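These are notes for a colleague who is reading the structure for the first time. Please keep the sequence and the 3D view open while going through the points.

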Amino acid sequence: MNKIDQSIIEKFKKAEELFAEKKIDESIKNYKEILNSNPIFLPALNNIALCYENLNKLAEAEAYYYNCFSLKSDEITFINNLSNIYLKQKKFNQALPLLKKSLEINENQLKIVQFTAMCLIDLNERKEAEKFCIEKLKAFPNDRLLIKVHARNLINLNKHKEGLNAMKKGSGFIEFEGS
């Protein structure tokens with residue numbers, strides 16, 4: 001295992017401080033200095049991507065997140081960061097495999113479940129979305145967003161009665177018989 005130079009640790013801490021102070025451009029400069037001496041230092045690669053994401057420079061963020069992912073493709077943080085940047089850019093075809101991979105590693109990520117369901121629908125994979133939602137609602141039966149996504153998908157599949165019933169459940173609406 002490579003021992004990290006103390007000067008890199010100090011530069012990294014300084015870059016984090018600059019980020020916390022909202023001095024994003026200066027933070028990026030510090031991270032780039034780190035990468036000049038250690039080009040595969042994953043925390044710096046990930047954090048520079050986060051800086052670019054905060055500046056809404058999504059293509060730059062994507063490049064750095066992709067770099068992290070390519071160096072360590074089984075790290076859930078890198079998988080989720082890259083899938084998130086794809087979603088922000090509406091690159092659903094690229095996001096979906098990563099979302100699924102993330103759930104294979106840890107299926108108990110509600111946000112990733114929600115994003116996966118919405119991504120499937122955005123890709124017009126409505127049958128797969130229906131199966132996915134039914135399965136994930138077993139794990140997250142009270143999640144209103146997942147219920148609403150599932151309900152809208154059912155309606156789009158012309159399963160109107162099921163969709164309306166799911167919407168009622170998702171909204172907390174209670175219907176009394178005979179009223």
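1. Start with two helices: H4 passes H5 in a left-handed crossing. Keep in mind throughout that this is a predicted model. H4 covers residues 58–71, and where H4 and H5 pack, their axes are 9 Å apart at an angle of about 155°. H4 is therefore roughly antiparallel to H5, because angles over 145 degrees count as roughly antiparallel.

2. Which residues make the contact of H4 with H5? On the H4 side they are Leu58, Ala61, Glu62, Tyr65, Tyr66, Cys68 and Phe69. They meet Phe78, Ile79, Asn81, Leu82, Ile85, Tyr86 and Lys88 of H5. By class, this contact is made of 11 nonpolar residues, one polar and two charged.

3. Glu53 belongs to helix H3, which runs over residues 42–54. Is Glu53 buried or exposed? Its relative accessible area is 13%, so Glu53 is buried, because the cut-off for buried is under 20%. Leaving aside residues up to four places away in sequence, Glu53 touches Leu58, Ala61, Tyr65, Asn84, Ile85 and Lys88. Several of these names have come up before: Leu58, Ala61 and Tyr65 are among the H4 residues that meet H5, and Ile85 and Lys88 are among the H5 residues that meet H4.

4. Next, the start of the chain. Helix H1 (residues 6–20) packs with helix H2 (residues 24–37), with axes 8 Å apart and an angle of about 160° between them. H1 and H2 are therefore roughly antiparallel. The crossing in which H1 passes H2 is left-handed.

5. The contact of H1 with H2 can be followed residue by residue. H1 supplies Ile8, Lys11, Phe12, Lys14, Ala15, Glu16, Leu18 and Phe19. Opposite them in H2 are Ile24, Glu26, Ser27, Asn30, Tyr31, Glu33, Ile34 and Ser37. Sorted by class, the contact has eight nonpolar, three polar and five charged residues.

6. H1 also meets H3. How do H1 and H3 run relative to each other? Their axes come within 11 Å and cross at roughly 15°, and H1 and H3 are therefore roughly parallel. This crossing, too, is left-handed.

7. From H1, the residues that meet H3 are Phe12, Glu16 and Phe19. These three are also among the H1 residues that meet H2. On the H3 side are Pro43, Ala44, Asn47, Leu50, Cys51 and Asn54. The contact divides into six nonpolar, two polar and one charged residues.

8. A point on cysteines. How many disulfides does the structure hold? There are zero. Cys51 is in no disulfide, and the nearest cysteine sulfur, that of Cys68, is 12 Å away. A disulfide would need the two sulfur atoms within 2.5 Å. With a relative accessibility of 0%, Cys51 counts as buried. Both cysteines of this pair appear in contacts described above: Cys51 in that of H3 with H1, and Cys68 in that of H4 with H5.

9. Cys133 is likewise in no disulfide; the nearest cysteine sulfur belongs to Cys119 and is 12 Å away. Cys133 also counts as buried, at 0% relative accessibility.

10. Two backbone angles deserve a look. Most residues other than glycine have a negative phi. Lys90, however, has a phi near 60°, a positive value. Where is Lys90 placed? It sits in the loop between helix H5 (76–88) and helix H6 (92–105). Lys90 is exposed, at 62% relative accessible area, because exposed means over 50%.

11. Asn158 is another residue other than glycine with a positive phi, near 65°. Asn158 lies in the loop between helix H9 (144–156) and H10. Its relative accessibility of 60% makes Asn158 exposed.

12. Finally, Lys161 is placed in helix H10, residues 160–171. Is Lys161 buried or exposed? With a relative accessible area of 68%, Lys161 is exposed. Lys161 and Ala151 are 10 residues apart along the chain, and their C-alpha atoms are separated by 9.7 Å.

Key
Residues are numbered from 1 along each chain as its sequence is written. This is a predicted model: local features need pLDDT of at least 70, side-chain atom pairs count only at pLDDT 80 or more; totals for chains, interfaces and linings use all residues. Side-chain values use heavy atoms; hydrogens and water are left out. Helices (H or I, at least four residues) and strands (E, at least two) are DSSP runs, numbered from the N terminus. Buried means under 20% relative accessible area, exposed over 50%, partly exposed in between (1.4 Å probe, protein chains only). Axes are lines fitted to C-alpha atoms, for helices over the stretch in contact, and angles run from 0 to 180 degrees between N-to-C directions. Angles under 35 degrees count as roughly parallel, over 145 as roughly antiparallel, 65 to 115 as roughly perpendicular and the rest as oblique. A crossing is left-handed if the near helix is turned anticlockwise from the far one by less than a right angle, and right-handed if clockwise. Contact means heavy atoms within 4.5 Å. Ala, Val, Leu, Ile, Met, Phe, Trp, Tyr, Cys and Pro count as nonpolar, Asp, Glu, Lys and Arg as charged, and the others, Gly among them, as polar.
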